[in-house]
Amino acid sequence: MSNKVKFGSKIGLIAATVGSAVGLGNVWRFPNAAQENGGAAFLLLYLACVFILGIPVMLSEFSLGRGGNADSVTVYHKLTPGRPWYLNGWLGVIASYLILSYYMVVAGWTVEYFWHSLTGELYDGTAPFAEKMGDMIATTYKPVFWTWVMIILNMGILIKGVNKGVEKMSNILMPLLFVILVIFCCVALNLPKAAEGVEYFLLPDFSKINGQALSCALGQAFFSLSLGMGILVTYSAYYPSDTKLTRTAVTVSSLGFLVALLMGLIIFPAVTSFGLNGGSDTLKGTALIFITLPEVFMRMQQPAFWSTLFFLLLAVAALTSTISLGEVVILLLQDRFKLSRAKACLMVMLPLFVVSTICSLSIGPWADITILGMTIFDFLDSTATNLLLPVCAFVGCIYVGWVLPRRYLQDELTNHGTFGSFAYPMVLFSIRFVAPLLIVFILFSQLL
């Protein structure tokens with residue numbers, strides 16, 4: 001029996017895993033994707049992709065983590081010793097650390113806006129929010145300072161360990177995130193033109209469903225569930241042996257979908273009610289979060305209150321995601337190099353004070369420094385999300401579906417025969433044939 005630490009409760013297990021999956025991508029990527037690809041038609045396509053691609057790939061990663069009971073590199077050594085499959089584990093670790101390095105910068109922005117909302121500074125003066133956002137990014141010390149604040153928050157949680165740090169944080173922050181989402185949803189649905197926004201979001205336009213929409217839906221399902229990053233392998237190593245993996249995967253995926261749905265029911269009624277849906281640019285990435293929504297809040301009563309609550313929501317989503325990315329590398333250092341929790345945490349977090357600072361400055365004062373025509377920030381984002389993650393997930397599917405014995409996946413999905421699993425044949429078929437083809441489609445769509 002392994003003495004590796006395990007999540008202390010089923011609620012903690014679900015909260016931590018959902019926290020690893022629900023991030024800023026669910027908030028600022030989904031509304032724009034839905035708007036450009038047929039509203040509810042895209043929503044249905046995205047839901048189908050979650051079940052066809054997301055859940056099977058998630059189960060393959062769960063089976064590796066819990067079955068191997070180790071980090072995302074060591075599991076390959078344990079299950080196929082002496083063979084080079086472990087290189088895929090290293091690829092996932094590298095991808096997660098690259099993402100962590102620039103994700104800290106964006107997470108720092110959410111904390112800065114939370115603070116400026118709390119103090120009322122965000123609504124001081126007459127400068128447009130686009131100008132305020134530009135000034136924030138262009139300055140040298142402010143974004144770096146708030147990036148460091150987020151790094152320190154991560155360090156404080158991670159150094160406490162899995163139960164007292166990761167699980168305890170998730171048990172507090174994930175319910176808070178859903179409470180804030182529901183509050184905002186209720187407020188948005190009671191705005192003057194909320195019905196128009198809901199209709200705009202939920203009225204399907206199937207004429208927009210094409211290859212590009214499919215690629216977008218696949219990518220949204222892929223990235224919103226944290227596939228290919230080593231996160232799910234790492235967290236499932238902390239799952240107790242009696243955890244029902246299929247039920248966990250469906251629960252996590254469903255809650256992730258619920259977050260995206262709620263965000264749509266918040267964003268579209270809000271921007272429609274205040275006449276801010278004049279173009280897709282208002283719903284894109286940083287424009288949506290840091291320009292359009294503050295404009296919405298300014299037109300509501302008590303704008304500082306609603307802005308504070310919203311950016312607290314974003315900060316929570318960012319924190320749970322960065323924690324999970326950091327945990328991937330920390331477990332690797334503990335398992336492979338036998339470091340203590342504290343030393344492993346410091347080795348992961350301390351370099352970020354330099355790497356994330358470079359990423360932050362590359363958007364502002366150092367924007368002229370480019371790699372293949374991209375800023376350092378964009379290069380890391382493109383390399384990790386468009387290349388490394390799909391490759392890791394593809395190799396993981398081939399490994400579980402074709403290299404490991406069939407019995408391995410069946411044992412993990414049925415907890416070694418203690419109960420039946422009607423999903424096993426479908427999951428195996430998807431991992432072997434469907435998921436690899438869809439991942440190749442994602443990879444080529446993003447590279448072309």
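**Cavities and a buried valine**

Student: How much space lies in the second largest cavity?

Tutor: About 80 Å³ lies in the second largest cavity, where a cavity is a set of points, on a 1 Å grid over the protein atoms alone, where a 1.4 Å probe fits but cannot get out, and a volume is the space filled by probe spheres set on points joined across faces, edges and corners. This is a predicted model, in which local features need pLDDT of at least 70 and side-chain atom pairs pLDDT 80 or more, while totals for chains, interfaces and linings use all residues. Residues are numbered from 1 along each chain as its sequence is written, and side-chain values use heavy atoms, leaving out hydrogens and water.

Student: Which residues line the second largest cavity?

Tutor: Among those lining it, with an atom within 4 Å of a point, are Phe-184, Leu-191, Ile-266 and Met-300. Helices H8 (162–189), H12 (245–273) and H13 (285–298) each give two or more residues to that lining, helices being DSSP runs (H or I, at least four residues) numbered from the N terminus.

Student: And what volume does the largest cavity have?

Tutor: Its volume is about 140 Å³, and of its 17 lining residues the closest to the centre are Glu-61, Tyr-76, Asn-88, Val-233 and Cys-392.

Student: Switching topic, is Val-105 buried or exposed?

Tutor: Val-105, found in helix H5, counts as buried because its relative accessibility is 0%, and buried means under 20% relative accessible area with a 1.4 Å probe, protein chains only.

Student: What does Val-105 touch?

Tutor: Leaving aside residues up to four places away in sequence, its contacts (heavy atoms within 4.5 Å) include Thr-147, Ser-356 and Phe-377.

Conventions: On a 1 Å grid over the protein atoms alone, a cavity is a set of points where a 1.4 Å probe fits but cannot get out, and a pocket is an open set with protein on both sides within 12 Å along at least five of seven lines; lining residues have an atom within 4 Å of a point. Buried means under 20% relative accessible area, exposed over 50%, partly exposed in between (1.4 Å probe, protein chains only).
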